[in-house]
There are 2 protein chains.
Amino acid sequence: MTEIVDIDKKYIENSLKQKMNVLKDNRFLMDEVFIPISKALKLDVDEVIEIFAKKLDFASCYELHAYAEQARMGCLGRKVDIDLGLCWLSDFFGLIKKEEADLIRKKVVESHLLYKKPYKEALEEGRQMILKLLKEE
Amino acid sequence: MTEIVDIDKKYIENSLKQKMNVLKDNRFLMDEVFIPISKALKLDVDEVIEIFAKKLDFASCYELHAYAEQARMGCLGRKVDIDLGLCWLSDFFGLIKKEEADLIRKKVVESHLLYKKPYKEALEEGRQMILKLLKEE
């Protein structure tokens, strides 16, 4: 009986290690997911990877890259909302229409992620679009 | 005819000035809305106030305080999502349940806005809650 429990334990340990290796080998996940999360949570990056490996099965570990692409776009969009004050200007005060805010957010995210502009420059483009809209008579 | 146009212009100018005074006199709006927006948009704070005054009628200028209270809660919640990585952990990777993320966000926002804890301290409380959830076996 003890032997079976030991084998079981060994199996879980091994599978965890394998999942961690799958995740670690993915440079994109490392740079765009695990390192930023480790900074936000002030956790060692290996601990972050272990948390993911424990919560996900093998298939999900391989699928994580696709989710991460979506998450990167989505979460960056929310950061743009905060950094440009769009949350205030559009959602709460209605000084900028929702469709316009969506367009500005999209432009900034694309500039940075697709056209590789530094985030500050992409943000500056968004800022100029906002100023133009706000100063329209 | 020129006279009527002049009177009209004068009236609009005066009403703009009055609206700007209403907005400027409100310390809360100044600290929580106009100054943060002026920083985000790199605009002079008077320009920000003028934009609001031009877009809003008198009634809306007086109502702005109530909207601003809501906006402050709402927009801070979104900042918490970014700063704690909840956007990634909950919305996209599902490592933290939506209801748990809502609770953490609410706790941090309340700690800071209602109980006046410095934002960093409030954030730290949220971080601890996240770590506890993530490390649960």
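A residue is called buried when its relative accessible area is under 20%. In this predicted model, B:Ser111 has a relative accessibility of 9% and therefore counts as buried. B:Ser111 is part of helix H6 of chain B. Apart from residues up to four places away in sequence, B:Ser111 touches B:Lys116, B:Lys117, B:Ala122 and B:Glu125.

One of these partners, B:Lys116, is found in the loop between H6 and helix H7 (119-135) of chain B. In contrast to the buried B:Ser111, B:Lys116 is exposed, with a relative accessible area of 62%. The backbone at this position was also examined. Most residues other than glycine have a negative phi. Phi of B:Lys116, however, is positive, with a value near 60 degrees. In chain A, A:Lys116 also has a positive phi near 60 degrees. A:Lys116 lies in the loop between H6 and helix H7 (119-135) of chain A, and its relative accessible area of 61% makes it exposed.

Helix H7 of chain A contains A:Leu123. The relative accessible area of A:Leu123 is 15%, so this residue is classed as buried. Its contacts beyond four places in sequence are A:Val80, A:Asp83, A:Leu84 and A:Val108. A:Ala53, by comparison, is 70 residues from A:Leu123 along the chain, and the C-alpha atoms of the two are separated by 34 Å.

The association of the two chains was considered next. The size of an interface is often given as the accessible area lost when the parts come together. For chain B and chain A, the area buried between them is about 3,900 Å², of which 73% is on carbon and sulfur atoms. B:Leu41, B:Trp88 and B:Phe92 supply 18% of the area that chain B buries against chain A, more than any other three residues. In terms of contacts, 44 residues of chain B meet 44 residues of chain A.

Charged pairs also occur between the chains. Eight salt bridges are found across the interface of chain B and chain A. A salt bridge joins A:Asp91 to B:Arg78, with the closest N and O atoms 2.7 Å apart. A contact between chains is also made by B:Asp81, which has A:Arg78 among its partners. B:Asp81 lies in helix H4 of chain B and, at 7% relative accessibility, is buried. Within chain B, the partners of B:Asp81 outside four places in sequence are B:Leu86, B:Cys87 and B:Arg105.

Pockets were then located. Rolling a probe the size of a water molecule over the atoms shows where empty space is left. The largest pocket holds about 510 Å³ of space. Its lining comprises 16 residues, and those closest to the centre are A:Trp88, B:Glu32, B:Pro36, B:Leu76 and B:Lys79. Two or more lining residues come from each of helix H4 (58-83) of chain A and, in chain B, H2, helix H4 (58-83) and helix H6 (98-113). By class, nine residues of this lining are nonpolar, two are polar and five are charged.

The second largest pocket has a volume of about 420 Å³. It is lined by 16 residues, with A:Pro36, A:Cys75, A:Leu76, A:Lys79 and B:Trp88 the closest to its centre. Chain A contributes two or more residues from each of helix H2 (27-41), H4 and helix H6 (98-113), and chain B does so from H4 and helix H5 (86-92). This lining divides into ten nonpolar, two polar and four charged residues. B:Trp88 thus appears both among the residues closest to the centre of this pocket and among the three named above for their share of the area that chain B buries.

B:Pro36, one of the residues closest to the centre of the largest pocket, belongs to helix H2 (residues 27-41) of chain B. Its relative accessibility is 33%, so B:Pro36 counts as partly exposed. B:Met30 and B:Asp31 are the residues that B:Pro36 touches when those up to four places away in sequence are not counted. B:Glu100 is 64 residues from B:Pro36 along the chain, and 29 Å separates the C-alpha atoms of the two.

Note on methods: Residues numbered from 1 in each chain as written. Chains lettered and ligands numbered in written order. Predicted model: local features only at pLDDT ≥ 70, side-chain atom pairs only at ≥ 80, totals over all residues. Heavy atoms only, no water. Helix = DSSP H or I, 4+ residues; strand = E, 2+ residues; numbered from the N terminus. Buried < 20%, exposed > 50% of the residue type's maximum accessible area, 1.4 Å probe, protein only. Contact = heavy atoms within 4.5 Å. 1 Å grid on protein atoms, 1.4 Å probe; cavity = no way out; pocket = protein on both sides within 12 Å on 5 of 7 lines; lining within 4 Å. Points joined across faces, edges and corners; volume = space filled by probe spheres on them. Nonpolar A, V, L, I, M, F, W, Y, C, P; charged D, E, K, R; others polar. Buried area = accessible area lost by both parts, 1.4 Å probe. Salt bridge = Lys/Arg side-chain N within 4 Å of Asp/Glu carboxyl O.
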